[in-house]
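Here's a quick tour of one protein model, written for someone who'd rather be at the bench. Have a look at the sequence and the fold, then read on.

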Amino acid sequence: MTELAEAPPRLDARLAALRRVAIVPALNEEGSVGRVLDELRAFDPGLEIVVVDDGSTDRTREIAAERGAHVLALPFNLGIGGAVQAGFRFAWENGFDLAVRVDGDGQHDARELTRVVEPVLAGDADICVGSRFAAKGDGYRSSRSRRVGIRMLAWIVSALVRQRVTDPTSGFQAVNRHGIRLFAADYPHDYPEVEATVMLFKHRLRLREVPVAMRARAAGQSSIGALSAVYYMVKVTLAIVVAIFRRNAVPLEEVKQ
């Protein structure tokens, strides 16, 4: 008797009822972006995918287009913050109810999105972040120096937002319409996730973290090397101190309805 192929997991009815989009920022990720898109389709065949190509010089945008993604090709490299904000602007202007953010380097496993979207679908959070440091087990671990730096930032951010944050640099996220609106209006541009966490607090949006396993990047090279770790720490620490004393980033009334 021929074995039947295993059926794909049934999509959560709450998710299926929403207009949903995946935002995939990518810079020279031709070696991994195809796999990322295939995994997103396997998670949710009805998910619209927008790849924000941040000035790649390889075949990133061509591969994304071949896989059926909508490609936003930026005219030059804006950096991760500019690319992510372009994706959220696309999500806001096109009326999406839910956006998930998955990096184009293959570190984020789309199978973990079930866990990441759950607090948002349940109405318990405006944004949910997948945290590699809240996960148990022997999954992918970044370098020791980077882990130390992230934990220092986590301590600072937790104190500022009065909530325990374990992975303030994670870009593995699910965001509802309120969060999409905020990030479409204003999003930090250099090393944005840390500052964005402070923005959420200032705008009284609800943040949750869930434990996820992450992988080593499938190809390409990280934008943050070991030699830049000290510069990164100093710059981000100064940025979040400035951010906490700023007035609200952009009044949400200024975002196009």
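## A glycine after a helix

Which residue with a positive phi follows helix 5? That would be Gly 123, and its phi is near 80 degrees. Keep in mind throughout that this is a predicted model.

## The overall picture

The protein chain has 9 helices and 7 strands. Of its 257 residues, 52% count as buried. As for the outside, the accessible surface of the protein chain is about 13000 Å², and carbon and sulfur atoms make up 53% of that.

Now for the contacts. Taking those in the protein chain with a separation of 6 or more, 78% are between residues 24 or more positions apart.

## Helix 5 and its cover

Back to helix 5, which spans residues 113-121. Its buried residues are Leu 113, Val 116, Val 117, Pro 119, Val 120 and Leu 121.

What covers them? Two helices are part of the cover for the buried residues of helix 5: helix 1 (13-16) and helix 2 (33-43). Strands pitch in too, with strand 4 (98-101), strand 5 (127-131), strand 6 (173-176) and strand 7 (207-211) included in that cover.

## Aromatic pairs

How many aromatic pairs does the structure hold? The count is 4. One of them joins Phe 88 and Tyr 187: the ring centres are 6.1 Å apart and the planes sit at 40 degrees, so this pair is tilted. A pair needs planes under 30 degrees apart to count as stacked and over 60 to count as edge-to-face, so 40 degrees lands in the tilted class.

Phe 88 belongs to helix 4 (residues 80-93), while Tyr 187 is in the loop between helix 7 (177-185) and helix 8 (192-202), so their pair ties together parts 99 residues apart in sequence. Both Phe 88 and Tyr 187 are buried. Ring pairs also bring in Phe 183, giving a cluster of Phe 88, Phe 183 and Tyr 187.

## Phe 96 and its company

Phe 90 and Phe 96 make another aromatic pair, this one stacked, with 6.2 Å from centre to centre and 25 degrees between the planes. Are these two rings on buried or exposed residues? Phe 90 has 11% relative accessibility, so it counts as buried, and Phe 96, at 2%, counts as buried as well. The cut-off for that is under 20%.

Phe 96 has a charged partner too: the charged end of Arg 19 sits over the Phe 96 ring, 4.2 Å from the ring centre.

Notes
Residues numbered from 1 in each chain as written. Predicted model: local features only at pLDDT ≥ 70, side-chain atom pairs only at ≥ 80, totals over all residues. Heavy atoms only, no water. Phe/Tyr/Trp six-rings, centres within 6.5 Å; stacked < 30°, edge-to-face > 60°. Helix = DSSP H or I, 4+ residues; strand = E, 2+ residues; numbered from the N terminus. Buried < 20%, exposed > 50% of the residue type's maximum accessible area, 1.4 Å probe, protein only. Lys NZ or Arg CZ within 6 Å of the ring centre and 35° of its normal. Contact = heavy atoms within 4.5 Å. Areas by Shrake-Rupley, 256 points an atom, 1.4 Å probe, with all protein chains shown as cover.
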